[in-house]
Amino acid sequence: MDEIKCECGHLNPYGTEVCGSCGKPLVNSGSDRLLNMRYEGAARRSQTYNKSIIDKIWNFFSSVKVGVTIIVITLLASSLGTLFPQEMFIPPGADPATFYAEEHGALGQVYYSLGLHNLYGSWWYMLLVAALGTSIIIASIDRFFPLYKALKSQRVTRHKSFMKRQRIFGTSRVDNEDTTMAQAQDILKNKRYNVREENGNLLAEKNRWARWGPYVNHIGLIIFLIGASLRFFPGMYLDENVWVREGETVVVPGTSGDYYLENEQFTEEHYDEDDERYEAAMAEAGEGAQFEETFRTDAVLYAPDEEATVGVDQELEEIDRHGIEVNDAFHFDEYAVYQVDRKLDELAEMTFDVEDTETGEVVDSFTVDLNNPDGNYTLENDEVVRIHSYFPNFYIDEEGVPTTESDVPENPAFIFEMENENTGQMEHTFLGIQANYDVSQDEEGNQYAFSMSDFDTNHVAGLTVRKDHTIPFLIAGGGIFLIGLTQGSYWAHRRIWLQRKDGEVWIAAHTNKNWEALKRDIHAITEQTQVTTPQDQTDETHEEDENQQEHIQS
Amino acid sequence: MEQLSMNLLGAAFFLYLASTIFYAVSVTGRKWRNKQGEVTGNRWGKAGYITAILGVVAALGYFFTRWAVAGHAPVSNMFEYVAFFGITISLAFVIIYGIYRVNVLGLITMPIVMLLIAYGSVFSTEVQPLQPSLQSHWLEIHVITTAIGQGILAVSFGAGLIYLLRTINLKEKGMTKRTFGVEFIMYTLVSVIAFIIVTNAFGAFDYEANFAYINEEGQQAEILYELPPLFGPNEGELLTEDRMEPWLEMPDWIESDDLNTVAWTFGTGLILYALIRLLTRRRVGALLQPLFKNVRPQTVDEVSYRAIAIGFPVFTLGGLVFAMIYAQIAWTRFWGWDPKEVWALVTFLFYAVYLHLRLNRDWHGEPSAWLAVVGFAIIIFNLIFVNLVIAGLHSYA
Ligand code: HEM
């Protein structure tokens, strides 16, 4: 495509609106409308080519209109997802297929049918985010290079109509151009402008680097989005739950047996009712309100002893210990273990008395560890109690067969087996909570009777094991984003051109934001030199608008 | 100490009131012009600024003494958070007024600050003990930074509102989208006033209606209404004698007492608004309009934009970055699509949209002003509805 030759002799790439060298407007050159200074009038790829399919895609994504539309759709979709709880927040065990209709009526049904109950993980939501990322990348590349070139090779002397068509523009007659220019230069330097001089004309510029703010922040966003998508790669991310009883040692899930964790003790503490700071609030909450202060698992971390022979009961070696609290996870290697839940006073042990019904004497008692029962217990009289069956969480299923619902000893029941000395037969006793039956096959009564004499409970800690290798990316991306955001938001790129034209001093100024602040810088010049206050050309248009309005009304 | 702290907040409230009055005088009173004939404000404006600064100092005094008493930053319940949000607006105002010196900005932000403090005081002001997941310095840093960001963003609403009141003709006959929009904002502000009046009125008579109901976990619980129940709780049964029966029963996932409060707010707001219209025979906006006739629209447009440019990074830092750090530490994951988190993201995206639209000059001026209003509405929605009405992990109340 043809290059455009300006009257100053400079060759501009096709699509340029303002000559890169002298600043003469190349399109609408007869007009006196304000120049569009956004990318310094430089040619952008998206404005230039529109032939191939690639051009079309490029142009689509580089448009701010499209970008804004994508953000708006993401915004609306995201808020829609908060109308009803997402699937992950509905009560555990609830069936989403019925939950939404039951809880939220017809609207809930629609919500579920449209898949909005799992919105943030849906393919189209991810597609939206991907489109957002694409748009950011393409829009930034499209603008970065032309802007970079235009800002790097700025000439001081600008074309007349470039000056005239700046938003801030004024001309003044002065007694002595040289002194005025020199004064202005000093003032601007004092205001930390970089001043360049050429043929007696000045270009004062400040904070050009702020122009790169958006590009830096967009790079940060892209790194963040890439980081977030890495989560879907295997091995990057781990999220496991585990329950550990007091005194129990478990393998840390997800670590393939590299680590074991013991719960030495679980503690729950409550706020002191007599704490005067909170007395009023506690009284207001009424009886029975719980004010938990601390949940803590005193944990010990072990690793298998490397030297011990593999396979045989592995020796564990303590490597670290930590009181895991909410807000204070246990970090080791690449893992972190968090305190997330607890079950208080779960049954741990039960002690049974064994009575010989013939003598009426208690022979002995034995204690069963409900989480890890032994098979046999030898009594003092050398008789042996065998656990025939153990149901940690007993119930009778639909077919009338005794079974257990889980391994958690919430409702433990046993069938004990013992030999009857007289008959040599095995006799059986069923023992559960508030249940005690002779269940032997024969007609005779059992010789031995069992009864629960004691029990012991302990606490169970609910822990979550995490590993997340995406975090460094997120930190880098977030950090770069914030740097770019600050760079672009808290500084503004300002330029002031002062030129001698036809025996006058012309002043024009441009900034990408905060014009009032730019005007204050100019005010310093007009106050101390003979340069008069330039016009803000948008002021006039506004006043014209107003006048027109009044005309219409009157 | 706790009493001292509350007294300081009261003092701040009256300083903000004084500041409002000074600014009102400065806007309606005589003008001082400099040698170029520009209006530079007047001494009343300076008095307004000084009292606003004193107000901020007193309010910070409240904040830090309460912090010392409670042992944690006072941003952990609805009262504390709303009051602090008001304080951050005044802080943001002090900063932005320092840059632009627009007196009318004080005239509009100071009353908003007072409204928020009065609104917050409706909720329980007791110092509360913190449950374990809330005992984190990161939570404090997150909430404080977010509130400051929102406070700065709120100033852009103030400036945007001035822009609208300055440029839209509110005397014309017949309703247009623009006059409706302005009046809707006015109605909302009137509703807040109505709410404060109503709750204080019923509070003065110790109105209470107790209900037994079934909560969202399917358990029997009790709930206390401090306003007559229009919306009753799920399977609610009135326990207090001589109280009206609710008009409608709500499902268990709605915090019915809070919904009831919201209904009261907008209902009485409507009555109050209608009264003003009937008595003055003018739009509420038109009543305020004369105050703004000397404002340069472009200046307030820039103030509104500048507040967003300053507030957006602060909000992002507090509402997303620190929020993620806190969530990672307290809840094991930096992001969990909890409604409160999603709405912080929505706020972020909304202001990103604003900034991109402003790249185009056509969006400067009135469209920007409307967007600033919508942005503030999102922040308030987030604060009130998401906190109160949707019961989530973050709920303060
Ligand atoms: C949520 C995602 C995004 C965020 C947070 C973001 C943030 C920003 C910010 C803060 C600015 C600076 C605005 C100013 O200083 O006034 C900016 C500028 C810009 N953004 Fe984005 N942006 C996002 C997405 C996009 C997308 C999808 C596009 C695609 C068209 C885009 C294109 C641009 C352009 C063209 C600029 C102006 C660059 C310049 O001034 O040279 N942005 N962005």
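A residue counts as buried when its relative accessible area is under 20%. By that yardstick B:S19, at 0% relative accessibility, is buried. The model is a predicted one, and the description below starts with this serine and works outwards to the metal site, the salt bridges and a pair of unusual backbone angles.

B:S19 sits in helix α1 of chain B. Setting aside neighbours within four places in sequence, B:S19 is in contact with B:G48, B:T51, B:A52 and B:M110. Helix α1, which covers residues 2-28 of chain B, also has a part on the outside: with 4 residues, this helix gives the most to a nonpolar surface patch. The patch takes up about 450 Å² and is made by B:F14, B:L17, B:I21, B:V25 and B:W44. Of these, B:W44 belongs to helix α2 (residues 43-70) of chain B. The relative accessible area of B:W44 is 40%, so this tryptophan is partly exposed.

Another buried spot in chain B is B:A369, where the relative accessible area comes to 4%. This alanine is part of helix α11, residues 366-389 of chain B. Not counting residues up to four places away in sequence, B:A369 touches B:G160, B:Y163 and B:L164. As for B:V113, its C-alpha atom and that of B:A369 are separated by 20 Å, with the two positions 256 residues apart along the chain.

Now for the metal. The iron atom of the ligand has two protein donors, the NE2 atoms of A:H218 and B:H356, lying 1.9 to 2.1 Å from it. A:H218 comes from helix α8 (residues 213-230) of chain A and B:H356 from helix α10 (residues 339-357) of chain B, so the histidine pair joins two chains. Around the iron atom there are 6 donor atoms, and because the angles they subtend run from 85 to 177°, the arrangement is octahedral. For comparison, the ideal angles for six octahedral donors are 90 or 180 degrees. The two histidines fall into separate accessibility classes: A:H218, at 17% relative accessibility, counts as buried, while B:H356, at 25%, counts as partly exposed.

Salt bridges come next. Side chains of opposite charge can pair when their charged atoms come close. Over all chains, the whole structure holds 30 salt bridges. One of them brings together the side chains of A:R167 and A:D536, at 3.0 Å from N to O. A:R167 is in the loop between α6 (160-164) and β3 (168-172) of chain A, whereas A:D536 is in strand β24 (residues 535-536) of chain A, so this bridge ties together parts that are 369 residues apart in sequence. Both A:R167 and A:D536 are buried. The pair also takes part in something wider, a network of salt bridges linking A:R167, A:E516, A:K519, A:D536 and B:R296.

Chain A has further pairs of this kind. A:E325 forms a salt bridge with A:R296, and their closest N and O atoms are 3.4 Å apart. Here A:E325 is in strand β10 (residues 316-325) and A:R296 in strand β9 (residues 292-304) of chain A, so the parts tied together are 29 residues apart in sequence. A:E325 has a relative accessible area of 26% and is therefore partly exposed.

A:E417 and A:R386 also meet through their side chains, in a salt bridge of 2.6 Å from N to O. This pair links distant parts of the chain, with A:E417 in strand β18 (residues 413-419) and A:R386 in strand β15 (residues 384-391) of chain A, 31 residues apart. One partner is covered and the other less so: A:E417 is buried at a relative accessible area of 11%, and A:R386 is partly exposed at 36%.

Last, the backbone. Most residues other than glycine have a negative phi. Against that background, A:N199 has a positive phi of about 50° although it is not a glycine. This asparagine is in the loop between β4 (194-198) and β5 (201-206) of chain A, and at 66% relative accessibility A:N199 counts as exposed. A:N207, again not a glycine, has a positive phi of about 60°. A:N207 is placed in the loop between β5 and α8 of chain A. Helix α8 is also the helix that holds A:H218, one of the two histidines at the iron atom.

Key
Residues numbered from 1 in each chain as written. Chains lettered and ligands numbered in written order. Predicted model: local features only at pLDDT ≥ 70, side-chain atom pairs only at ≥ 80, totals over all residues. Heavy atoms only, no water. Donors = N, O, S within 2.8 Å, 3.2 Å for Na, K, Ca; no water. Tetrahedral: all angles 85-135°; square planar, octahedral: opposite > 155°, others 65-115°. Buried < 20%, exposed > 50% of the residue type's maximum accessible area, 1.4 Å probe, protein only. Contact = heavy atoms within 4.5 Å. Patch = residues over 30% accessible without salt bridge, like charges linked within 9 Å, V, L, I, M, F, W, Y side chains within 5 Å. Areas by Shrake-Rupley, 256 points an atom, 1.4 Å probe, with all protein chains shown as cover. Salt bridge = Lys/Arg side-chain N within 4 Å of Asp/Glu carboxyl O.
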